[in-house]
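Reader: I am new to this structure and would like a close look at one part of it, the nonpolar core. Please describe what lies there and what surrounds it.

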Amino acid sequence: MRSDEVRPGALAKRHAERRGNLSAGFRRESFTLPREEARAKARDVFSRYPKAAYMTEIEYWEELPDGRIFVTMRHLPTAD
């Protein structure tokens, strides 16, 4: 097993890939930024895709050893 496969982010990604069709329809956006920039980016995504209409949520986040934050957010593509 490679060392990156035991990291929580790698495990979450593998799990999400295995779920496949269970999460069909959602669009995901992942980013790795310093803490304050990650917060600002998450606020921006919530502004563009309000939770009530797009079911927007932070699906996964992790603080990396260098202090940056890895985030995966998901939302529906439309607010139908």
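Author: A word on the whole comes before the part. This is a predicted model, and buried residues account for 22% of the 80 residues in the protein. There are three helices and three strands, which follow one another from the N terminus as α-β-α-α-β-β.

Now to the core. The largest nonpolar core has seven residues: Phe31, Ala38, Ala42, Val45, Ile69, Val71 and Met73. Two or more of these residues come from each of helix 2 (35-48) and strand 3 (69-75). In soluble globular proteins, nonpolar side chains tend to be buried together.

Ile69 shows what one core member touches. Apart from neighbours within four places in sequence, Ile69 is in contact with Phe31, Thr32, Leu33, Arg35, Ala38, Trp61, Glu62 and Glu63. Phe31 and Ala38 in that list are also members of the core.

Phe31 has a charged partner as well: Lys41 lies over the face of its ring, 5.9 Å from the ring centre. A similar arrangement involves Phe26, with Arg74 over the ring face at 3.9 Å from the centre.

Aromatic pairs come next, and the count is two. In one of them, the ring centres of Tyr49 and Tyr54 are 5.2 Å apart and the planes stand at 85 degrees, so this pair is edge-to-face. Tyr54 is buried because its relative accessible area is 18%, under the 20% cut-off.

As for the outside, the protein exposes about 5,700 Å², of which carbon and sulfur atoms supply 53%.

Definitions and conventions: Residues are numbered from 1 along each chain as its sequence is written. This is a predicted model: local features need pLDDT of at least 70, side-chain atom pairs count only at pLDDT 80 or more; totals for chains, interfaces and linings use all residues. Side-chain values use heavy atoms; hydrogens and water are left out. A nonpolar core is a set of buried Ala, Val, Leu, Ile, Met, Phe, Trp, Tyr and Cys residues joined through side-chain atoms within 4.5 Å. Buried means under 20% relative accessible area, exposed over 50%, partly exposed in between (1.4 Å probe, protein chains only). Helices (H or I, at least four residues) and strands (E, at least two) are DSSP runs, numbered from the N terminus. Contact means heavy atoms within 4.5 Å. Accessible areas come from the Shrake-Rupley method with a 1.4 Å probe; for residues, only the protein chains shown count as cover. Rings of Phe, Tyr and Trp (its six-membered ring) pair if their centres lie within 6.5 Å; planes under 30 degrees apart count as stacked, over 60 as edge-to-face and the rest as tilted. A charge sits over a ring if NZ of Lys or CZ of Arg is within 6 Å of the ring centre and within 35 degrees of the ring normal.
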